[in-house]
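Dear colleague,

Please find the structure below, handed over for your study. My notes on the ligand site and on the packing of helices follow.

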Amino acid sequence: MKNWMKKLAIGVALPGMLLLGGCGAAKSGGSAGGIQERTIKAGIGLNEDHPEGQGLKKFKELVEKKSGGKMKVQNFYSATLGDDQKMTEALQGGLQEVTIPSTSPLVGMIKEYGIFDFPFVFNTEEEAYSVLDGKVGQELLKKLPEHKLIGLGYWENGFRNLTNSKHPVKTAEDFKGLKIRTMQNEVHLDAFKKLGANPSPMAFSEVFTALEGKTVDGQENPLATIKSSKYDEVQPYLSMTKHVYTPFVFLVSKQFWDKLSKEEQKIMRDSAKEAGKYQRDLNRKENEKALEDLKKAGMKVNEVSDAEKEKMKEIVKPVTDKYAKKFGQELVDEMMSEVEKARKE
Ligand code: TK8
């Protein structure tokens, strides 16, 4: 390069670099090829020891390896960057690059995500995967870009079970009068009301304190979360209600995504997928192990019979019928036929 050209190049590049220097993620990119130095801030609500935390660690390893160390991922666990909703907004505003929230608190933004909140739809994780990784789940990912988000697939939160400080929940009757924290989600709220409980929606990071201070009697989450969040310290009863399956959705800020080259986008996509497979496998194993650990920790665990679950399902049917209309009956039917198909396989 001739000297004057160099000077010109520096003269043009320098002010731009200074301007953008404050936000590591926002360096020049565009859809040309190549890999640039990038900083990716990734945050989740759960702890590092949770399978979601371990999955995020795997994602970091993969991105850094595939990019030859140029793309760096900084992980933040335990809602240190905020709760699911707050981090999602940070992605929309371009202030954070990655988060992996439960789909449930996103229903205020994309109502159709509420179909995953219908109780007793899935019996096994595999049934859920067939819907999430199939047409229904993939169509829902396409709704994200208009909300300034990119979805790279689904990880697993899992089947939720109820814990509380009052009594074992074995029958539909036993929900009556229990003050239960729910996610910020209208289907959950209405379903628990129908069961006669007294639900109160709350961000995840407030739950431990609310349980400890007895603001609420109980909460519901997958076993791995109950263990990782140490709810056994404040909740004597664990009832295996398995009433609903919650997916995580892997989100990237669209502002950030649009700056990435095709090659960089592929690194993100492949890493999210590979780490997602790892995360789901680990999650299923951890949910099994967590049950034993929670028993050892002294929680009184009870099973709920299929007949009682059937009763609970009947009770909440008016709620699912109402929301099926709101979210789109066709979409719900599609989900159900996917489940039927998976059940036969
Ligand atoms: C963590 C949450 C959590 C969810 C909840 O950020 O809020 O109860 O189950 O896993 O997404």
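In these notes, Ala, Val, Leu, Ile, Met, Phe, Trp, Tyr, Cys and Pro count as nonpolar, Asp, Glu, Lys and Arg as charged, and the others, Gly among them, as polar. By that division, the shell around the ligand holds four nonpolar, four polar and three charged residues.

This is a predicted model, in which local features need pLDDT of at least 70 and side-chain atom pairs pLDDT 80 or more, while totals for chains, interfaces and linings use all residues. Residues are numbered from 1 along each chain as its sequence is written, and side-chain values use heavy atoms, with hydrogens and water left out.

**The ligand**

The residues around the ligand (those with a heavy atom within 4 Å of it) include Gly45, Leu46, Ser102, Asn157, Met183 and Phe248. Asp84, Arg160 and Arg181 also belong to this group. A polar side-chain atom of Asp84 lies 2.6 Å from a ligand oxygen atom. For Arg160 the corresponding distance to an oxygen atom of the ligand is 2.9 Å, and for Arg181 it is 2.7 Å. On its own the ligand has 300 Å² of accessible area (Shrake-Rupley method, 1.4 Å probe), and the protein covers 98% of it.

**The helices**

Helices here are DSSP runs (H or I, at least four residues), numbered from the N terminus. Axes are lines fitted to C-alpha atoms over the stretch in contact, and angles run from 0 to 180 degrees between N-to-C directions.

Helix α6 (residues 186-194) and helix α11 (residues 306-327) have axes that come within 8 Å and cross at roughly 155°. Therefore α6 is roughly antiparallel to α11, a term for angles over 145 degrees.

Helix α4 (residues 125-132) packs against helix α12 (residues 329-344) at an angle of about 130°, their axes being 9 Å apart.

Yours faithfully

Methods
A polar contact is a pair of N or O atoms within 3.5 Å; within protein, one must be able to donate a hydrogen and the other to accept it, and residues adjacent in sequence count only if both atoms are side-chain atoms. Helices (H or I, at least four residues) and strands (E, at least two) are DSSP runs, numbered from the N terminus. Angles under 35 degrees count as roughly parallel, over 145 as roughly antiparallel, 65 to 115 as roughly perpendicular and the rest as oblique.
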